[in-house]
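User: Could you take a close look at how the helices sit against one another in this one? Please keep it chatty, and go residue by residue where you can.

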Amino acid sequence: NRCQAQYRKEIQQLLRWWEESHLTDIPDSRKRPLEAYFSVAVSMYEPKFSDVRLTVSKASVLATALDDYADTPGMIEDHSLLLDAVKRWDQSVVTNLSKVAQIIFNELYRTINDISQRALQIQGRDVSGYIRKHWENVIQAMLVVAKWTASKHIPTFNEYI
């Protein structure tokens, strides 16, 4: 079946990206790229959505790695440095980060730039600023939750939202 062949090819691409990303080197991180892929593929199954399946799968894997990192106790300072690196979008500040934060930043940097380049080719517009801002917001929100957890603060519904 043509669709199954396409899915196999995409899964191979995703697993190759995942291995090259070094996200597998993050201790206690959930390693679920296939679940990420299939959660997208069930609703975006047509062959024309190949880029969407791969992009959303990668974003899901990165978000999971970030979430696992944010749940690590005692990493608030490092998390703040990661947020600063994403805001600056500068690989030179990576040396100040922990090994795990370096892996996450480097993969965010590489993946966002790849996705943005692909979007530029297809759509003719630069979306990198929008994507970076999204990830900045995600990391900022995770930092707030990490601070609440460290201080044993139970947020109100409005604080959480």
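Analyst: Let's start with Leu-15. Setting aside its neighbours within four places in sequence, Leu-15 is in contact (heavy atoms within 4.5 Å) with Pro-33 and Leu-34. Bear in mind that this is a predicted model, where local features need pLDDT of at least 70 and side-chain atom pairs pLDDT 80 or more, while totals for chains, interfaces and linings use all residues. Numbering runs from 1 along each chain as its sequence is written, and side-chain values use heavy atoms, with hydrogens and water left out.

Leu-15 belongs to helix H1 (helices are DSSP runs of H or I, at least four residues, numbered from the N terminus). With 30% relative accessibility, Leu-15 counts as partly exposed (buried is under 20% relative accessible area, exposed over 50%, partly exposed in between, with a 1.4 Å probe and protein chains only). Leu-15 and Lys-58 sit 43 residues apart in sequence, yet their C-alpha atoms are 9.9 Å apart in space. Gln-13 is in helix H1 too, and Gln-13 is also rated partly exposed, because its relative accessibility is 30%. The C-alpha atoms of Gln-13 and Gly-74 are separated by 35 Å, with their positions 61 residues apart along the chain.

Now for H3, where Lys-58 sits among the buried residues. Helix H3 runs over residues 50–70, so 21 residues, and reaches 30 Å from its first C-alpha to its last, close to the 30 Å expected at 1.5 Å a residue (the expected span is 1.5 Å times one less than the number of residues). Quite a list of H3 residues is buried: Ser-50, Arg-53, Leu-54, Ser-57, Lys-58, Val-61, Leu-62, Ala-65, Leu-66, Asp-68, Tyr-69 and Ala-70. What covers them? The cover includes helix H1 (2–21), helix H2 (33–41), H4, helix H5 (99–123) and H6.

Take H2 as one of those neighbours. The axes of H2 and H3 come within 8 Å and cross at roughly 135° (axes are lines fitted to C-alpha atoms, for helices over the stretch in contact, and angles run from 0 to 180 degrees between N-to-C directions). That makes H2 oblique to H3 (under 35 degrees is roughly parallel, over 145 roughly antiparallel, 65 to 115 roughly perpendicular, and the rest oblique). On the H2 side you'll find Pro-33, Ala-36, Tyr-37, Val-40 and Ala-41, and they meet Val-52, Arg-53, Val-56, Ser-57, Ser-60 and Val-61 of H3. By class, the residues of this H2 and H3 contact are eight nonpolar, two polar and one charged (Ala, Val, Leu, Ile, Met, Phe, Trp, Tyr, Cys and Pro count as nonpolar, Asp, Glu, Lys and Arg as charged, the others, Gly among them, as polar). Pro-33 thus turns up in the contact with H3 and as a partner of Leu-15.

Next, H4. Helix H4 (residues 76–88) packs on helix H6 (residues 128–151) at about 165°, with the axes 10 Å apart. That makes H4 roughly antiparallel to H6. From H4, Ile-76, His-79, Ser-80, Leu-82, Leu-83, Val-86 and Lys-87 meet a set in H6: Arg-132, Glu-136, Ile-139, Gln-140, Met-142, Leu-143, Ala-146, Lys-147 and Ala-150. The residues of that contact split into nine nonpolar, three polar and four charged.

H4 has H5 alongside as well: their axes come within 10 Å and cross at roughly 20°. That makes H4 roughly parallel to H5. Here Asp-78, Leu-82, Ala-85 and Val-86 of H4 touch Ala-101, Ile-104, Phe-105 and Leu-108 of H5. The tally is seven nonpolar, no polar and one charged. Leu-82 and Val-86 appear in the H4 contacts with both H6 and H5.

Further along H5 comes Ser-116, which is buried at 4% relative accessible area. Apart from its neighbours within four places in sequence, Ser-116 contacts Asp-126, Val-127, Ser-128 and Ile-131.

Last, the loops. Most residues other than glycine have a negative phi. His-22, in the loop between H1 and H2, is not a glycine and has a positive phi of about 70°. His-22 is partly exposed, at 43% relative accessible area. Trp-89, also not a glycine, has a positive phi of about 55° and lies in the loop between H4 and H5. Trp-89 counts as buried because its relative accessibility is 13%.

Technical notes:
Helix = DSSP H or I, 4+ residues; strand = E, 2+ residues; numbered from the N terminus.
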